[in-house]
Amino acid sequence: MTSDTSAAAPSRAAPRWRRAVLWGALILLLGVAQALLVFLVLQFEDQRAQERTDAAAGAAADEARQAFARNVQALQLLVWADRPGDATTAGNWHADAAEVLRQRREVLRLERRDGAFHLLDLAQAPPFAALFVALPRESQLSEAEAACTRARRAASPMFSRSYFVPLSGGQGVEVVDLCLPLSGRDAGQVVATLSLRAVLETALAADTTRSHEASFIEGDGARLARAGSARGAGVYRADRVVDLAGGALQLRLDSAEGRPHVI
């Protein structure tokens, strides 16, 4: 009787061992499947977030390009009203320039210059009355002169490269000059100084600036100007080129959205 009982014990232990192995394999398989599912969901959400940023960057670049074009159109009206030889030109120009500054807050300063690039008249937005005070305008004319040379040659408005204008108190503003040549040989030109930050703030939709940090950047990624209440998380970014007459600007959108969480 003892030998029969001892022989039956291993036979009962074997099925238990096999069942434990099967259960262990099933649990491992479920774990792998669950981990794979989580990985695929995270990848999908990550891709969707990047696609949203790419789409927003494309729309933002179009909006910025249109904002620059609207400024060109508004300033061309000012140029067409400036008729060389008219005795009332100076007075009319100053009144028209003040109206442009009132309507377009991205325009900080307007200058009327002759063929030799001497300043004839200027109008400046009141909030930026200190523009070119910390550093005189004469020391920051190179970009405007280069843009006007191209504009006269092409008989068409031209933008300059952007540059930084220091203000009092250690502040400053990144600007770009727009040169519009007047009709006639050596008739002169109108130079408008535009704030890059104001262009972004006025051009971009509120939904974009609430969910993304928008910036104009240099080729090495250094920020020139930014806009938006959101701060970019540095996870989902998209860059687009904003082509301008005479140059281009690089626009970056940095989403405030972080990596998707594991749930």
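Phe 159 is buried in this predicted model, with a relative accessible area of 3%. Its ring forms an edge-to-face pair with that of Phe 68, with 5.4 Å between the centres and 85° between the planes. The two residues belong to distant parts of the chain: Phe 68 is in helix α1 and Phe 159 in strand β3, 91 residues apart. Phe 68 is buried as well, at 1% relative accessibility.

Phe 68 also pairs with Phe 216. Here the planes stand at 50° and the centres are 6.4 Å apart, so this pair is tilted. Because Phe 68 lies in helix α1 and Phe 216 in strand β7 (residues 212-217), the pair ties together parts that are 148 residues apart in sequence. Phe 216 is buried, as is Phe 68. The count of aromatic pairs comes to 2, and Phe 68, Phe 159 and Phe 216 form one aromatic cluster.

| Aromatic pair | Centre to centre | Angle of planes | Geometry |
|---|---|---|---|
| Phe 68 and Phe 159 | 5.4 Å | 85° | edge-to-face |
| Phe 68 and Phe 216 | 6.4 Å | 50° | tilted |

**The disulfide**

The model has 1 disulfide. Cys 148 and Cys 179 form this bond, with their sulfur atoms 2.1 Å apart. Cys 148 is in helix α3 (residues 142-154) and Cys 179 in strand β5 (residues 172-181), so the disulfide ties together parts that are 31 residues apart in sequence. The torsion about the S-S bond is about 110°, and the disulfide is therefore right-handed. Cys 148 counts as buried at 0% relative accessibility. Cys 179 is buried too, with a relative accessible area of 2%.

**Helix α3**

The helix that carries Cys 148 has 13 residues. From its first C-alpha to its last, α3 reaches 19 Å, close to the 18 Å expected at 1.5 Å a residue. Its buried residues are Glu 143, Ala 144, Ala 147, Cys 148 and Ala 151. They cover an arc of only 130° around the axis, so they lie on the same side of α3. This fits the general geometry: an α-helix has 3.6 residues a turn, so residues three or four places apart point the same way. On the other side of α3, Ser 142 and Arg 153 are exposed.

The cover over the buried residues of α3 includes β3 (158-159), β4 (163-166), β5 and β6 (189-195). Of these, β3 holds Phe 159, and β5 holds Cys 179. Just after α3, Ala 155 takes a positive phi of about 55°.

**Positive phi at two phenylalanines**

Phe 117 has a positive phi near 70°, although the residue is not glycine. Phe 117 sits in the loop between β1 (107-113) and β2 (119-124) and is buried, with a relative accessible area of 8%. Phe 132 likewise has a positive phi, of about 65°, and is not a glycine. Its place is in the loop between β2 and α3. Phe 132 counts as buried at 8% relative accessibility.

**Confidence**

The mean pLDDT of the protein is 87, and 88% of its residues reach 70 or more. Among the elements, helix α1 (residues 2-81) has the lowest mean pLDDT, 82, whereas β3 has the highest, 97. The edge-to-face pair of Phe 68 and Phe 159 joins these two elements. Where pLDDT is low, the predicted coordinates should not be read in detail.

Terms used:
Residues numbered from 1 in each chain as written. Predicted model: local features only at pLDDT ≥ 70, side-chain atom pairs only at ≥ 80, totals over all residues. Heavy atoms only, no water. Disulfide = S-S within 2.5 Å. Helix = DSSP H or I, 4+ residues; strand = E, 2+ residues; numbered from the N terminus. Buried < 20%, exposed > 50% of the residue type's maximum accessible area, 1.4 Å probe, protein only. Expected span 1.5 Å × (residues − 1). Arc of directions from axis to C-beta. Contact = heavy atoms within 4.5 Å. pLDDT = per-residue confidence, 0-100. Phe/Tyr/Trp six-rings, centres within 6.5 Å; stacked < 30°, edge-to-face > 60°.
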